[in-house]
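Open the model in your viewer and keep the sequence panel beside it. This tour goes from one selection to the next.

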Amino acid sequence: MSVTVLQEGPGAATSDTDDDLSVWPRSARREPDGDVSVGGVSLTEAADRFGTPVYVLDEQEVRERCRTYRTVFPEADIVYAAKAFLCRAMAHWVREEGLGLDVCSAGELALAVTTGFPPEKIVMHGNAKSPEDLRTALRLGVGRIVVDSTSEIARLAAITPDGTRQKVMVRVVPGIAAGGHSKIRTGTEDQKFGLSITDGSAQHAVARILDQPHLELVGLHCHIGSQVTAVKPYVAAVRRMTGLMARIRDQHGITLPQLDIGGGHAIAYRPGEDSLDVDALAGRVRAELADGCARARLPLPRLTLEPGRAIVGPAGVAVYRVLSVKRTGDHVFVAVDGGMSDNPRPALYGVRYAPRLIGRPSAAAPRLVTVVGRHCEAGDILADEVALPGDVHPGDLLAVPAAGAYHLSMASGYNLVGRPPVVAASEGIARVLIRRESLDDMSRRDVGL
């Protein structure tokens, strides 16, 4: 079974003969005069029409990636992690492709439900859910709530209406280190998420839930980290989780019907980088789950996966306009009209991108430059030491691929610049999904005078 749509590393399918478009949406095409199109939409024309910075999101790429997960894991529930990027159109696409939704707040939940998303197909996460988060989840009928602390159990049980039972899972710390950066590794005991197997916290939470008549324990959950490129940590997590399920069966006499192994599937941000082989993941996880359950004499639980970045990340391209170019010592700085307010990830995690000059041809020899943002921070760097044509100048357009996840969703109002719009591209048609944040939008929140 081929899943090249999810592989951006070496040997992955590209949209042209060279590898410099390998991390772009598969629809990306070089156009005359140095332009690039995505979903049949010229990025230069999109920049002229909608202004810059602008995010262009390939709708068909999103849909194809949803379908690939459903094909590779036909026996599992695929739940899109909304924290990667959420808007009404995204929720609509995910629902149409048969996926569930993973939300982390009352805001994400309410937005999804207002699009008509079935609440029973929604999973709510959060290490510190607010009372409003929990009340909204119960009021709207969310399918499952993932319990992240023992104190949450009593709070949730106290507000669950009489005569009802809320389905819950326990988030377990499996003791596995995986992920592309220390700040996105969530499977070990030195971070804020989940309940430990080692110190007995997970088992204690299970017992507490089983004592609550308004709560129904339906399974276990774990999430080992983000930007995980290897299959082995997931296999190890499944092994430990099935072992815990067997101990729960032996201690409490119940067989849990569900196992959620989270997401964190890596994508490539630059040509040549590794991404997670989802086809291999499916085969290895399926085999480990079958073997572990057979050894423990457990029936196979219903599996859930929560991909977010791997669905929307490679579908997005950010387009910026160059504002200035200057040399300082041995460094050349190319400053653009966006930065850490619309993409804080390089500052947070040291992520490296592969920006490309678009909109005009250039025969100039490439030189190493640092692409920086417009904000008043020395750390406002979008791409450090990357090759761009030596004649790049103010007014040029730079496009950054693999920009669909954790850009706009993590954007801020720093320097009151305003967050960029999101434009969907499909079959040559561009339409606004999220409009640009205006000065008026920001001013209306300021009621101090």
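Start with helix 3, residues 88-96. Ala89, Met90, Ala91, Trp93 and Val94 are buried there (buried means under 20% relative accessible area, exposed over 50%, partly exposed in between, with a 1.4 Å probe and protein chains only). Helices here are DSSP runs of H or I with at least four residues, strands are runs of E with at least two, and both are numbered from the N terminus. Now step on to Gly98, which follows helix 3. Its phi is positive, near 85 degrees.

A word on what you are viewing. This is a predicted model, in which local features need pLDDT of at least 70, side-chain atom pairs count only at pLDDT 80 or more, and totals for chains, interfaces and linings use all residues. Residues are numbered from 1 along each chain as its sequence is written, and side-chain values use heavy atoms, with hydrogens and water left out.

Next, the sheet. Three strands form an open sheet in the order 1-2-3, with antiparallel pairing. Two strands pair if DSSP finds at least two bridges between them. Which strands stand at the edges? Select 29-30 for strand 1 and 41-42 for strand 3. Each has a single partner strand, so one side of each is left without a neighbour in the sheet. Then add strand 2, residues 36-38, which pairs with strand 1 over two bridges in the antiparallel sense. Pick Arg30: its bridge partner in strand 2 is Val36.

Move to helix 5 (residues 131-140) and helix 6. Their axes come within 10 Å and cross at roughly 45 degrees. Axes are lines fitted to C-alpha atoms, for helices over the stretch in contact, and angles run from 0 to 180 degrees between N-to-C directions. The two helices are therefore oblique to each other (angles under 35 degrees count as roughly parallel, over 145 as roughly antiparallel, 65 to 115 as roughly perpendicular, the rest as oblique). Show Leu134, Arg135 and Leu138 of helix 5 with Glu152, Arg155, Leu156 and Ile159 of helix 6; these make the contact (heavy atoms within 4.5 Å).

Last stop: keep helix 6 (residues 150-159) and add helix 7 (residues 201-210). Here the axes come within 9 Å and cross at roughly 15 degrees. That makes helix 6 roughly parallel to helix 7. Select Thr150, Ile153 and Ala154 in helix 6; they meet His204, Ala205, Arg208 and Ile209 in helix 7.
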